[in-house]
Amino acid sequence: MNSEAPPFKNSPLEIILQEGPPTLDVQFNQIRAPLSSSAKAAPHVIVGSILVATDKLLNVHPFDGSKVLIVKVDQSTGFQGLIVNKHISWDSLDELEVEVELLKEAPLSFGGPVMKRGMPFVAFSKKYIVNQSMEVLPNVFYHDQWATLGIIEELRLGNQSIHDLWFFLGFSSWGWGQLFDEIAEGAWIVRNHDEEQIDWAWR
């Protein structure tokens, strides 16, 4: 979990908006960083892996009871993922001062405690969007903050269907060695190729 992220208390509205880690432009970094002993012994974590929180994360908000889908992997900058089983109401976002009326027909989940100021959302879609999509599971495409802004603009123009989208407030982030250390300590169970672990909000 991102050590710079503020504590998550009782609601996502108590999160302090902050600059997130840099956007990753590639799915895998070809430069091989040295692996820690934890990384060498840990299960393989790839885009599409699901992290299931264990009892070691009880009362560790917001990750207690979480299932996190890994959406970006880079050995130099670490991992990004989205909590996929903590759904929230659009009506709870008034304090963020974002225009949500256009988005309310789509499901919304709390993705994690890291947000980029002025760009609080990322998204999944059912359809590939040229130059903006990265497939993270079969027919499930991830869109980062910039791509999600573009999607919202397309919704305003009537060029995008709201029913193909699932929005997330924030995302989760780990350094490369940090996640492997947490796995080694028993905080997470790693599941690969197991889409059924996700309770799809749009089903």
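**Notes on a helix and the sheet beneath**

1. Let's start with helix α2, where Q145, A147, T148, I151, I152 and L155 are buried. Looking down the axis of α2, you'd find these buried residues within an arc of 155°, so they line one face of the helix. That fits a handy rule: an α-helix has 3.6 residues a turn, so residues three or four places apart point the same way. On the other side of α2, W146 and L157 are exposed. Keep in mind as you look around that this is a predicted model.

2. What covers the buried residues of α2? The cover includes β5, β7 and β8. Helix α2 (residues 145-157) lies across these strands, and its direction makes an angle of about 70° with β5. There's a quick length check you can do here too: at 1.5 Å a residue, the 13 residues of α2 should span 18 Å, and the end C-alpha atoms are 19 Å apart, which agrees.

3. Now for the sheet. It is an open one of five strands with mixed pairing, and the order is β4-β8-β5-β7-β6. At the edges sit β4 (108-110) and β6 (134-137), each pairing on one side only. From one strand to the next, the twist averages 35°.

4. Who runs which way? As a reminder, strands of a sheet pair through backbone hydrogen bonds, either parallel or antiparallel. β4 and β8 are a parallel pair with three bridges, and in β8 the residue opposite L108 is F167. β5 and β8 run antiparallel and are joined by five bridges. β5 (residues 121-125) is also antiparallel to β7 (residues 140-143), this time over three bridges.

5. Have a good look at β8. How many of its residues are buried? Five of the five are, so β8 is largely enclosed by the rest of the structure. Side chains in a regular strand alternate between the two faces of the sheet. In β8 you can see L165, F167 and L169 pointing one way while W166 and F168 point the other way, and all are buried.

6. F124 is worth finding next. Its bridge partner in β8 is W166, and in β7 it stands opposite Y142. Why does F124 count as buried? Its relative accessibility is 0%, and the cut-off for buried is under 20%. W166 is buried as well, because its relative accessible area is also 0%.

7. On to the aromatic rings. The whole structure has 14 aromatic pairs. One of them is F124 with W166, an edge-to-face pair at 5.7 Å centre to centre with 80° between the planes. This pair links distant parts of the chain: F124 belongs to strand β5 and W166 to strand β8, 42 residues apart. Both rings belong to one aromatic cluster made up of F124, Y142, W166 and F168.

8. Here's another ring pair to compare. Y128 and F141 are edge-to-face too, with 5.8 Å between centres and 65° between the planes. Where in the chain do Y128 and F141 sit? Y128 is in the loop between β5 and β6, and F141 is in strand β7, 13 residues apart. Is F141 buried or exposed? At 9% relative accessibility, F141 counts as buried, whereas Y128, at 49%, counts as partly exposed.

How values were computed:
Residues numbered from 1 in each chain as written. Heavy atoms only, no water. Pairing = 2+ DSSP bridges. Helix = DSSP H or I, 4+ residues; strand = E, 2+ residues; numbered from the N terminus. Axes fitted to C-alpha atoms, helices over the stretch in contact; angles between N-to-C directions. Contact = heavy atoms within 4.5 Å. Phe/Tyr/Trp six-rings, centres within 6.5 Å; stacked < 30°, edge-to-face > 60°. Buried < 20%, exposed > 50% of the residue type's maximum accessible area, 1.4 Å probe, protein only. Expected span 1.5 Å × (residues − 1). Arc of directions from axis to C-beta.
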